[in-house]
Amino acid sequence: MTGSEELRPSIDIHSHLVPGVDDGAATVEDVLEGLGRLTGEGVSTLVTTPHLDGSLTLLPRPFEERMSQIDEAFARARKSVEGSFPELSFHRANEVALDHPEPDLSDPRMRLSPSGGILVEWPRLRVPPGSPQVLERLGEQGIPLVLAHPERYRLGESAMDRMEAWREAGAIFQVNYGSLVGAFGPDARRRSLNLLARGWVDLLASDFHGRPRLPLHIAEARDTVLSGGRDEGDGMEAWIRLTRTNPQRILDGELPLAVPPLGNGGTLWSRFTSLFR
Ligand SMILES: [Fe+2]
């Protein structure tokens with residue numbers, strides 16, 4: 001592997017590239033356009049994750065209808081994807097909104113791989129009461145829970161305390177590339193840098209919504225991570241864990257490896273502290 005290949009992410013476990021089933025890609029053409037750019041950034045394995053309300057899993061017939069709709073749209077897209085990107089490993093799972101405290105997570109199609117974890121989010125960026133207990137109870141089922149973009153929820157002053165409680169409940173944190181560079185606003189940026197500085201980010205993903213010309217922000221996020229280490233080696237080690245090692249471990253049903261805290265004297269720390277001035 002050359003130095004520049006190491007800098008490229010290879011596994012992306014959060015995106016909305018099943019056409020016409022959620023607020024992501026509308027058409028197969030949009031999927032192909034997005035995949036052209038993602039593979040151009042070095043992504044070689046992509047698990048796409050259409051939205052699914054957890055409450056639906058408790059209603060057998062509507063749940064089955066929704067899953068069949070996603071299955072069919074994915075199968076259609078996959079044919080074109082295999083033709084255009086034969087090297088890409090392209091799969092589907094779901095991003096499950098925890099709009100009910102006890103969804104049924106037993107359907108294997110929701111998982112990021114046959115033995116992998118499940119990507120979950122709080123519904124409509126609002127955190128329900130008792131959120132750590134929800135994560136803890138679901139975690140008792142033995143499936144690793146990857147919490148999508150913890151930096152983006154409306155948490156107010158106590159944001160970091162709430163996030164600490166989620167981590168103690170066993171949640172694995174997936175931060176969006178775009179958050180690190182301000183694409184989701186200053187609060188999400190500040191929190192994502194704070195999470196990196198604490199070593200609380202387990203992996204990065206695009207959460208790409210499949211719209212032509214919507215930026216991916218992968219290259220800028222890479223610069224942020226690489227410049228955040230005490231030395232070049234630290235930043236590189238963190239980048240590889242965040243974009244390769246830990247996503248692969250999630251797919252293998254293993255827990256992520258610790259990511260070195262960034263920002264101890266590097267330029268990331270200067271940027272992070274400058275946000276409070
Ligand atoms: Fe998403």
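## Helices and strands

The protein, seen here as a predicted model, contains ten helices and nine strands. Among the contacts in the protein with a separation of 6 or more, 76% are made by residues 24 or more positions apart.

## Overall dimensions

Taken along the principal axes, the C-alpha atoms of the protein fill a box of roughly 55 × 45 × 30 Å. A compact globule with 277 residues would have a radius of gyration near 19 Å, and the protein, with 18 Å, agrees with that expectation. Of the 277 residues in the protein, 44% are buried.

## The nonpolar core

The largest nonpolar core has 65 residues, and those with the most contacts inside this core are Leu119, Val120, Leu145, Val146 and Leu147. Val120 can serve as an example: when its neighbours within four places in sequence are left aside, Val120 is in contact with Val96, Leu98, Leu145, Val146, Leu147 and Ala148.

## One face of helix α4

Helix α4, which covers residues 131-139, has Ser131, Val134, Leu135 and Leu138 as its buried residues. Seen down the axis of α4, these buried residues fall within an arc of 95°, and therefore they line one face of the helix. A general feature of helices helps in reading this pattern: an α-helix has 3.6 residues a turn, so residues three or four places apart point the same way.

What lies over the buried residues of α4? The elements that cover them include β7 (145-148) and α5 (159-168).

## Two residues with positive phi

Most residues other than glycine have a negative phi, which makes a positive value a useful thing to look for when reading a backbone. Arg124 has a phi near 50°, a positive value in a residue other than glycine, and this residue lies in the loop between β6 (118-121) and α4. His217 likewise has a positive value, with a phi near 65° in a residue other than glycine, and His217 lies in the loop between β9 (203-205) and α8 (218-226).

Are these two loop residues buried or exposed? Arg124 counts as exposed because it has 9 C-beta neighbours inside 10 Å, and the cut-off for an exposed residue is 12 or fewer. His217 counts as buried because it has 21 C-beta neighbours inside 10 Å, where the cut-off for a buried residue is 20 or more.

Technical notes:
Residues numbered from 1 in each chain as written. Predicted model: local features only at pLDDT ≥ 70, side-chain atom pairs only at ≥ 80, totals over all residues. Core = buried A, V, L, I, M, F, W, Y, C linked by C-beta atoms within 7 Å. Contact = placed C-beta atoms within 7 Å. Helix = DSSP H or I, 4+ residues; strand = E, 2+ residues; numbered from the N terminus. Rg over C-alpha atoms; globule rule 2.2 N^0.38 Å. Arc of directions from axis to C-beta.
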